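Let's take a friendly walk through a protein fold, one step at a time. Have the structure open as you read, and pause to find each part as it comes up.

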Amino acid sequence: MRADASIAASRRFFVVAFALACALAGVARARAYGYDPCASSGERGIEIAGAVTIGLAFWPGGALERWDGYHPCAQRAQLAALGVGTTSFVINSAELTALRGTRADEDGLYATNASATMMSVVAYTATRVSAPRAVRLEAAEPTNANGRSGRVNALTLLVTLDGGDVKYLRWHDGGCGACGGVGDARCLSVGDGDVACSASLAGCDGTCSGSACDVDLATADALRCQLTVTVATSGTDKNDEVFVLGSQLERLSMYASSGAYASASAQSTAAVTGVTGFLG
Ligand SMILES: *[C@@H]1O[C@H](CO)[C@@H](O)[C@H](O)[C@H]1NC(C)=O
């Protein structure tokens, strides 16, 4: 939990942990490092700048409604048997944080279900869970009403605390300002009426040609082929002091449409190495 303090000093957006997203090893490894999002210490008695442990659970082939009644901690075994993979992160509650695993883990998990035509994600703490969001969609996915396909670039999560205890994990609709608006083919419906920009499947696979190639796989632009979750906090800490980040979410959407967000998240790859070293 000390690591994030030192990284926080140097970066506005930073990745505080790296992916453990593997259906078999994910939860176990997170526990080994003491970063188990299912431990109540990760969601209770949080002070301003104290650590919050957040898990992301990915379900290859898991349509949104299938998450109903599942919590990745309470139903850990059932979800693991359904192929759900988890990643855990420790964030500094006073920082705007970008969470990102590795593309290899995300792609590897998706490949574990050969018939999957979509992948969904929830964010969770020990007893709380967000609504699900689609992070990957193929045109053939039966629940995909408009038939658009792609890999979602980024989602924004608002963690609301009350007296230092995590109360809600809610997605903030970042819109599609960064990719031409809701009418654009790159704008995907991700759940509950929210939309998000995506990179094309062919662009990420390198199977496109000409103007269909919307991703430069040789540069940090390739990061759009995997999910980045930006986390902000709101509410009050255990001393009833107020977390102020939530009120900046509108500004965050502005960064997203100006392109500054993309470069900020590209920067955070540098931090991955440091954190990996710390964990390893
Ligand atoms: C794999 O994907 C298919 C197609 O989306 C889905 O019907 C199936 O339930 C998925 N498998 C699991 C274990 O979730």
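Two strands count as paired if DSSP finds at least two bridges between them. With that rule in hand, look at strand β6 (residues 150-152) and strand β10 (residues 194-199), which pair in the antiparallel sense over two bridges. One contact to look for is Val152, whose bridge partner in β10 is Ser198. Keep in mind that you are looking at a predicted model.

Now widen the view. Which sheet do β6 and β10 belong to? They are part of an open sheet of seven strands, and reading across it gives the order β2-β1-β4-β5-β6-β10-β9, with antiparallel pairing. At the edges you will find β2 (85-92) and β9 (187-191), each of which pairs on one side only. The sheet is not flat like a board: on average, neighbouring strands are turned by 35° against each other, direction ignored.

Next, move to strand β7 (residues 154-162). Is this strand mostly covered or mostly open? Seven of its nine residues are buried, so β7 is mostly covered. It has two partners to explore. With strand β11 (residues 228-236), β7 pairs in the parallel sense over eight bridges, and here Ala154 stands opposite Thr228. With strand β8 (residues 165-172), β7 pairs in the antiparallel sense over seven bridges, and Leu158 has Arg170 as its bridge partner. β7 and β8 form a hairpin with two residues between them, and Gly163 in the turn has a positive phi of about 60°.

Let's turn to the aromatic rings. A search of the whole structure finds two aromatic pairs. In one of them, Trp59 and Trp67 meet edge-to-face, with 5.1 Å from centre to centre and 85° between the planes. The other joins Trp59 to Tyr70: the centres are 5.9 Å apart and the planes stand at 75°, so this pair is edge-to-face too. Trp59 is in strand β1 (residues 51-60), while Tyr70, eleven residues away, is in the loop between β1 and α3 (76-81). Trp59, Trp67 and Tyr70 together form one aromatic cluster. How covered are its members? Trp59 has a relative accessible area of 1% and is buried, and Trp67 is buried at 4%. Tyr70, at 25%, counts as partly exposed, because buried means under 20%. Elsewhere, a ring meets a charge: the charged end of Arg136 sits over the ring of Tyr110, 4.7 Å from its centre.

Finally, look for the sulfur links. How many disulfides does the structure hold? There are five. One joins Cys176 to Cys187, with 2.0 Å from S to S. Cys176 lies in the loop between β8 and β9 and Cys187 in strand β9, so the link ties together parts that are eleven residues apart in sequence. Both of these cysteines are buried, and with 85° about the S-S bond their link is right-handed.

Another disulfide joins Cys179 to Cys197, with 2.1 Å from S to S. Cys179 is in the loop between β8 and β9 and Cys197 is in strand β10, 18 residues apart. This link is left-handed, with -90° about the S-S bond.

A further disulfide joins Cys208 to Cys213. Its torsion is about 110°, so it is right-handed. Cys208 is buried at 18%, whereas Cys213, at 33%, is partly exposed. Numbered in sequence order, the bonded cysteines of the chain pair as 1-2, 3-5, 4-6, 7-10, 8-9.

Technical notes: Residues are numbered from 1 along each chain as its sequence is written. This is a predicted model: local features need pLDDT of at least 70, side-chain atom pairs count only at pLDDT 80 or more; totals for chains, interfaces and linings use all residues. Side-chain values use heavy atoms; hydrogens and water are left out. Helices (H or I, at least four residues) and strands (E, at least two) are DSSP runs, numbered from the N terminus. Axes are lines fitted to C-alpha atoms, for helices over the stretch in contact, and angles run from 0 to 180 degrees between N-to-C directions. Buried means under 20% relative accessible area, exposed over 50%, partly exposed in between (1.4 Å probe, protein chains only). Rings of Phe, Tyr and Trp (its six-membered ring) pair if their centres lie within 6.5 Å; planes under 30 degrees apart count as stacked, over 60 as edge-to-face and the rest as tilted. A charge sits over a ring if NZ of Lys or CZ of Arg is within 6 Å of the ring centre and within 35 degrees of the ring normal. A disulfide is a pair of cysteine sulfur atoms within 2.5 Å.
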